[in-house]
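Please look over the sequence and the structure shown below, and keep both in view while reading the paragraphs that follow.

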Amino acid sequence: QQQEEILLIKEANVFVSHAWKYKFLDVVNSLKRFFSTTSSSSSDDDDNKIQNKDSIILWFDLFSNNQHSEHDLDFNWLCNTFQSAIKQFGHTVMILSPWDDPIPLTRAWCLFELYSTAITKSKFSIAMTIEEENKFQEAIIKDFTIYNKMLGQINVEKSKSFKPEDEKRIHEVVRQTIGFNQLNSLVFDKLREWIIQYAIDSIDNSISTSSGSSDSQVNEDTLKRKMALANLYQSQRKYEKSESLFMECLEKSKV
């Protein structure tokens, strides 16, 4: 048993970004769902290092940090040590909840973690509980513009932290480096990239899990998801991709 425990202690390859306001079990369930649906497919892509559950080693601050000692989070630590660690992990998974008012997008640490992920060109993913993800998918299919409301809440300058001193230090780093407006734009871009990939994966999952459903049910569900993706492309001014999908949906709706 001791040998098994030692084997579980390895170098982390996934950084978990979450709000401390969350219920612990919601965080755990979000991570379990995320890795159960993504780790089964292998890839030769260097960016996709997580290929099976045995290779997933999380860096979770609740366990990885000493919660009883004060840390000197000065400018150098935030800009160098922290960001170097994010780069070394290579993959950040953010827990997003509730889908229509996500807490991490209002928290200084979470936004700084997303920023660090972007500038180190690390992989970025979002994890949700099955209940939140079902609500999110249903809302996006009905009205893709709901996503813009989520983005509209992002304002790094107004972000808060559990510890006021952390909030002050993070904001000061932003002022001295990228600036609030540019950081907001960077966060927007990262989330826009995510929503497009999420919509694509949603279509693929809809097709792959359609066994046992009638052709009409499959076609209707897939068409709705493709229409949502087409609208998302259009909202991001990716007109060629948007037009192609709209035309495909139009042709299939005639059948």
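**A walk through the predicted model**

E138 and K142 are joined through their side chains by a salt bridge, with 3.2 Å from N to O, and the model in which this pair is seen is a predicted one. Side chains of opposite charge can pair when their charged atoms come close. Both residues belong to helix α6, which covers residues 130-142, and because they are 4 residues apart there, about one helical turn separates E138 from K142. The two partners can also be described by their accessibility: E138 has a relative accessible area of 45% and is therefore partly exposed, since that class lies between 20% and 50%, whereas K142, with 68%, is exposed.

Helix α8, residues 164-176, offers further pairs of this kind. In one of them D166 forms a salt bridge with R169, and their closest N and O atoms are 3.8 Å apart; the two residues are 3 residues apart in α8, which is about one turn of the helix. How accessible is D166, buried or exposed? With a relative accessible area of 10%, D166 is buried, because buried means under 20%, while its partner R169 is partly exposed at 33%.

The other pair in α8 is made by R175 and E172, whose side chains meet in a salt bridge of 3.6 Å, taken from N to O. Because R175 and E172 are 3 residues apart in helix α8, they are separated by about one helical turn. R175 has a relative accessible area of 46% and is partly exposed, and E172 likewise counts as partly exposed, at 34% relative accessibility.

Salt bridges can also be linked to one another, as K226, E248 and K252 show by forming a network of them. How many salt bridges does a search of the whole structure find? The search finds 11.

From charged side chains we can turn to nonpolar ones. W20, F24, L25, L62 and F63 form a nonpolar patch on the surface, and together they have about 570 Å² of accessible area. Two helices, α2 (24-38) and α3 (61-64), each supply at least two residues of this patch. L25, one of the patch residues, has its place in helix α2, and at 58% relative accessibility L25 counts as exposed, because the exposed class begins over 50%.

The next step is to see how two helices are placed against each other. Helix α4, residues 75-89, packs with helix α5, residues 108-119, at an angle of about 65°, and their axes are 9 Å apart. This angle makes α4 roughly perpendicular to α5, because angles of 65 to 115 degrees are given that name. The crossing in which α4 passes α5 is right-handed.

Some details of the backbone are found in the loops. S97 and P98 are joined by a cis peptide bond, with omega at about -15°, and P98 is found in the loop between β3 (91-95) and α5. In the loop between α5 and β4 (123-127) lies K121, which has a positive phi of about 55° although it is not a glycine; at 72% relative accessibility, K121 counts as exposed. R237, in the loop between α10 (215-235) and α11 (239-253), is also a residue other than glycine with a positive phi, here near 65°, and with a relative accessible area of 66% R237 is exposed.

Technical notes: Residues are numbered from 1 along each chain as its sequence is written. This is a predicted model: local features need pLDDT of at least 70, side-chain atom pairs count only at pLDDT 80 or more; totals for chains, interfaces and linings use all residues. Side-chain values use heavy atoms; hydrogens and water are left out. Patches are made of residues with over 30% relative accessible area and no salt bridge: like charges are joined within 9 Å, nonpolar side chains (Val, Leu, Ile, Met, Phe, Trp, Tyr) within 5 Å. Accessible areas come from the Shrake-Rupley method with a 1.4 Å probe; for residues, only the protein chains shown count as cover. A salt bridge is a side-chain nitrogen of Lys or Arg within 4 Å of a carboxyl oxygen of Asp or Glu. Buried means under 20% relative accessible area, exposed over 50%, partly exposed in between (1.4 Å probe, protein chains only). Axes are lines fitted to C-alpha atoms, for helices over the stretch in contact, and angles run from 0 to 180 degrees between N-to-C directions. Angles under 35 degrees count as roughly parallel, over 145 as roughly antiparallel, 65 to 115 as roughly perpendicular and the rest as oblique. A crossing is left-handed if the near helix is turned anticlockwise from the far one by less than a right angle, and right-handed if clockwise.
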